[in-house]
Each structure stands twice: as structure tokens, then as C-alpha cells.
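Reader: I would like to go through the labels used for this structure and ask what stands behind each of them. Please set the value against the cut-off every time.

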Amino acid sequence: MRLRRALLALLTAVGLVCAGASLGAGQAAAAAAFPNTVVPAPVSETANGSTFALTSTATLSSDDANVGGYLAGVLRASTGFPLPLTVGSSRPGSIALELSGAPSTVGTEGYQLTATATGVVVQANQPAGLFHGVQTLLQLLPPAVMGSTVNPGPWTVPGGTVVDYPRFEHRGAMLDVARHFFTVAQVERYIDELALYKIDYLHLHLSDDQGWRIAVNSWPNLAVHGGSTEVGGGPGGYYTQADYSAIVAYAASRYLTVVPEIDMPGHTNAALASYAQLNCNGVAPPLYTGTNVGFSSLCVSLPLTYTFIDQVIGELAALTPGPYIHIGGDEASSTPASDYATFISHAQQIVAAHGKAVVGWHDIANTTLLPSTVAQYWGTTATDAAVASAAANGTKVVMSPANLAYLDMKYTRKTRLGQNWAGYIDVNKAYGWNPGSYLSGVGESSVLGVEAPLWTETIVTSADIDYMAFPRLPAIAELGWSPWSTHSVTGFHQRLGAQGPRWKTMGVSYYHSTEVTWPSGS
């Protein structure tokens, strides 16, 4: 391994010297320019002027079977090359994925990628870092590499070194499966798309007024009855516990952690309709298929309410290896303020008793929070006294301002899907804010990260998800991953435009924003 790395370094140096000697300094710099095609923008990129060509005789090696298998699967499908993969071998392949040799500064999610004329080496400290490095490698290859059918190529990678690691630990996307239900396969498809942009948390909104989407053995009618409809009156659906575990496992294979949400005390009509005894008056309301909010509430004074929460959270926590359970807490207009504070206090203690930390929409900042509780900001202004006060007391904040990060907002007045209550969000608006300084009184050290929620009142198909998530999801992903020093609207437009041909190859039904110049093949 040391010999190979030394050879790579020597070849890089020789390439730079030769380029300077034959072309002149100015020409050498131009020849060695690194392509601006990678989203999120890496921390640093240094070109060496060489080119690696992947051929039919190439081999793959990986210190991690999962990451190696993922890369092999993508490359074999589009190139048609056999690309034999060896795992844990001391003999590196033409493309080598190594869990050693990376700078300690890249942490657990970062990586170093080195490409020369003779090969590509991705080095990381943990498998997640290798996987993120693989995503960068795929973006350095031609767009056709993402295809599911064989293409003749050529398959070239520009030579150079990329050193990269995330700005924020939490880079999330939320999918609302309560307003409209999405199957396991549809969720896994979205996971694959999120992974391309180094997203590491998938927040699943599993319950709301319109539907309950996860089977709970101790309360079976939640799914059977509460999951039997959706917005507009469709058939709805729910995940069995095996289904949910399959989603969690698939997400883990793409290095995403699932954060399940059971919204409470409001947004609970599906639960209240499923069990009359959860209602203060003992009468179950009818199922709801509209889009109004704020009309439902669990019965805060009822002891059974907390038995219910304890059993639901207990089963969900046992199925969820990640550290968080999201308890919602937003738009609880039908819950008096004093009752709301009492409820959030009890809910936090129940979640903690099951070994998890609470995430809640930032409305919970109006109550007393546990040190481990995370507030998710979804407001539409840059000031919130309660959130700023909570942050001053140590609460970490996930930034999801609705007027900047909500993927269900329309792009323009003419957008056929989505809503506009928080305004219109095109690419520049989604990209044009700094999560570390946006909210007054909430500095970068208090920001855990960013998240792009997609509410689904108007979203029915995977094509609808694609249309609303892309190209804005990559903008939020870059805000979460890339250092602010790399932030450039002009540069981002170029990087984002380079994704167009890739999305077309993959069959992603994205919105062709007029703010971006999309290249030929998009």
C-alpha cells in the first residue's frame, strides 16, 4: 500500500512538472483545471493534469464489502465491464477503496480521493467516508455512468486530489408518508437519490391527521383503520414492522440514519379515529382526508394517553437503531399552552426512557427542554426568541426554514404541484442562505445541521417527489456539507447544471429551473 501511494505521489509530481515544461505555466494551470461538477462542493480540489481511463481490464478493491459492492454495481451496469471486486486484499485494484491513509481531519464521514493516469484511490477512516468518496468519484465520471444499460464510454476521471469532509453533522431530508402513502420501494428509490448528495438522515413523517403509517402491535387499529386513507380519500397504506425495518436497513446501506416521527399532541386525528378511548369525550372522530391543520389533539389529562405514547414509542424505538425519535409538536392549536408544556415534558421523558433523544419542530422551544432534545426550526423569519433562548441554554437546532428549505413550496406561481404559504422557492433562494448565521441568536456552534422537508399534500408519485426535490435538494445538501468559503451562486449553477444529464440518465423527473443553464443532454 505504501509503495502504491508513493508511486501515485511521484506520478502526480512528474505530471505537474512535465505539464509545466511543455505547456508553460499559464497553459499548465489551464490544462490542470479541475472540473466544477461535484455537488456538494468539496473542501479542496487540486488537479494534476492527468486522466485516468477505466477500461474493460480494470479491477476494483475495497476494504468494505458494502461500499465496494455498491460501486461495482453502478459501474458494471453502465460500462458492461466485469470489474472483478476483491474485498480486504492487500493488492489494490485499478480503483481502490481503503480504510486507511486518510487525513485524520476528514473525520468519520470525509475522505481523500487521488486520481492519476494509473488508478484511483479513495481513502477514509470509516465506511461512510468511503461511500461519500465514491459519490464524488461517480460525479467525476461521465453522466452515462449512472445508466442502467451499457454505454460505450469512454470512462475517464480527471486527475487530481480531493480532500473533503462535512460542515455539519446533520444533513437531512424529510419525506411525509402520512398525507400520501409511499411504498417501501418508493422510499428506497428516494434514499438512493439522497445518497448521491451525501445526505445522512432520512426523517420519515409517519403519522398525521390523514393517516397512520406504521404498525404498532399493542395498538393494531392505528395502522389497520388509521392507515386506511390519505389526502383526497385514496386507499392509504402502512408499513408492517418488517417493512419499516427493511427501510431502516436499506438506508443504513447508503449511510443514512432514519429518524421516525410520530407527531403529537396535534396532527393526531388518525390515532383518535382509531381508538375512541384516546379522546377526552370517548368518541372517535371520523377519518380525515382534507388538508387543514390544528384541529386535533391528544387528551393531555388522560392517563391512557401516556400509556399509549409509551407503548408506541417503545415499539418504534426497538426498531430504530438511530439516536432520535421525532415527536412533532407543531401546530398544536387545539392544545392549551399549559397542557402543551405538560405534554411535551412527559413525551420527552418517555422517549428518553426508551434510550432515544427527542427531535421536535421548534414549537417545543416554548417549553422546558431536556439537554439532549433537538429543535427543528421551520419558521419563515430570521428571528425566534424562544429558539434563540433554547440555543443559549445548549439546545441544538436543525435548520429547515420553510421559506427556504421546504421542498413542497412551488418554484413559481405556475408550478403544478406544491403549496405557496411560505412563498415561492427556486434554486437561488434555496441556495442563498447560511444555516450557521441565518437565525438571530443561533450561531454556527448551536446548529446541528440542515434538513429539507417534503410535505405531500399534493405529492402522489415518485415522479412528483423528483420534480419537487430536484434541483433544490442538492442546494440544501451543499449548504449542509460544504464549507461556507466555497459558497458561490455562479459556481453552484455550473455544478448543478452538470447534474442534469445524470438525472436524465437516471430517469429523475426534475424541474428545469430557468435560473440554471442546463447543458446538452439534460
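**Labels and their reasons**

Author: The buried residues of α15 are Arg 472, Leu 473, Pro 474, Ala 475, Ile 476, Ala 477, Glu 478, Leu 479, Gly 480 and Trp 481. The model is a predicted one.

Reader: What makes α15 count as mostly covered?

Author: Buried means under 20% relative accessible area. In α15, 10 of its 10 residues are buried.

Reader: Why is helix α14 called largely enclosed?

Author: Helix α14 spans residues 462–469, and seven of its eight residues are buried, so the rest of the structure largely encloses it. The buried ones are Ser 462, Asp 464, Ile 465, Asp 466, Tyr 467, Met 468 and Ala 469.

Reader: What covers the buried residues of α14?

Author: The cover includes β8 (170–176), α5 (184–195), β17 (447–454) and α15.

Reader: Why are α15 and α16 called oblique to each other?

Author: Two packed helices are described by the angle between their axes and the distance between the axes. The axes of α15 (residues 472–481) and α16 (residues 489–497) cross at roughly 125 degrees and come within 11 Å. Roughly perpendicular covers 65 to 115 degrees, and roughly antiparallel needs over 145. The angle of roughly 125 degrees fits neither range. The two helices are therefore oblique. Their crossing is right-handed.

Reader: Which residues make that contact?

Author: From α15 come Pro 474, Ala 475 and Glu 478. From α16 come Phe 492, Arg 495 and Leu 496. By class, the residues of this contact divide into four nonpolar, no polar and two charged.

Reader: How do you know that Cys 280 and Cys 299 form a disulfide?

Author: The cut-off is 2.5 Å between cysteine sulfur atoms. For Cys 280 and Cys 299, S to S is 1.9 Å. That is within the cut-off, so the pair counts as a disulfide. The rule gives a count of one disulfide.

Reader: Why is the disulfide called right-handed, and what does the pair tie together?

Author: The torsion about the S-S bond is about 105 degrees, so the disulfide of Cys 280 and Cys 299 is right-handed. Cys 280 and Cys 299 each lie in the loop between α8 (269–274) and α9 (303–319), so the pair ties together parts 19 residues apart in sequence.

Reader: Are these two cysteines buried or exposed?

Author: Exposed requires over 50%. Cys 280 has a relative accessible area of 62%, so it is exposed. Cys 299 has 4% relative accessibility and counts as buried.

Reader: What makes His 225 partly exposed?

Author: Partly exposed lies between the 20% and 50% cut-offs. His 225 has 30% relative accessibility, so it counts as partly exposed. Its place is in the loop between α6 (221–224) and α7 (241–253). Leaving aside neighbours within four places in sequence, His 225 is in contact with Ala 273, Ser 274 and Leu 287.

Reader: Why does Pro 84 get the label partly exposed?

Author: Its relative accessible area is 43%, so Pro 84 is partly exposed. Pro 84 sits in the loop between α3 (65–79) and β3 (85–87). Not counting residues up to four places away in sequence, Pro 84 touches Ala 58, Thr 59, Leu 60 and Arg 76. Pro 84 and Leu 60 are 24 residues apart in sequence and 6.0 Å apart in space, C-alpha to C-alpha.

Reader: Why is Gln 112 counted as buried?

Author: The cut-off is under 20%. Gln 112 has 16% relative accessibility, so it counts as buried. Gln 112 lies in strand β5 (residues 111–116). Beyond its neighbours within four places in sequence, its contacts include Gly 101, Val 121 and Thr 161.

Reader: What is noted about phi of Tyr 255 and of His 267?

Author: Phi of Tyr 255 is positive, about 65 degrees, although Tyr 255 is not a glycine. His 267, also a residue other than glycine, has a positive phi near 55 degrees. Tyr 255 has 19% relative accessibility, so it counts as buried. His 267 has 2% and counts as buried.

Reader: Which peptide bonds before Pro 40 and Pro 265 are cis?

Author: A cis bond joins Val 39 and Pro 40, with omega about 0 degrees. The bond from Met 264 to Pro 265 is cis, with omega near 5 degrees. Pro 40 is in the loop between α2 (25–31) and β1 (44–54). Pro 265 is in the loop between β12 (257–261) and α8.

Note on methods:
Residues are numbered from 1 along each chain as its sequence is written. This is a predicted model: local features need pLDDT of at least 70, side-chain atom pairs count only at pLDDT 80 or more; totals for chains, interfaces and linings use all residues. Side-chain values use heavy atoms; hydrogens and water are left out. Helices (H or I, at least four residues) and strands (E, at least two) are DSSP runs, numbered from the N terminus. Buried means under 20% relative accessible area, exposed over 50%, partly exposed in between (1.4 Å probe, protein chains only). Axes are lines fitted to C-alpha atoms, for helices over the stretch in contact, and angles run from 0 to 180 degrees between N-to-C directions. Angles under 35 degrees count as roughly parallel, over 145 as roughly antiparallel, 65 to 115 as roughly perpendicular and the rest as oblique. A crossing is left-handed if the near helix is turned anticlockwise from the far one by less than a right angle, and right-handed if clockwise. Contact means heavy atoms within 4.5 Å. Ala, Val, Leu, Ile, Met, Phe, Trp, Tyr, Cys and Pro count as nonpolar, Asp, Glu, Lys and Arg as charged, and the others, Gly among them, as polar.
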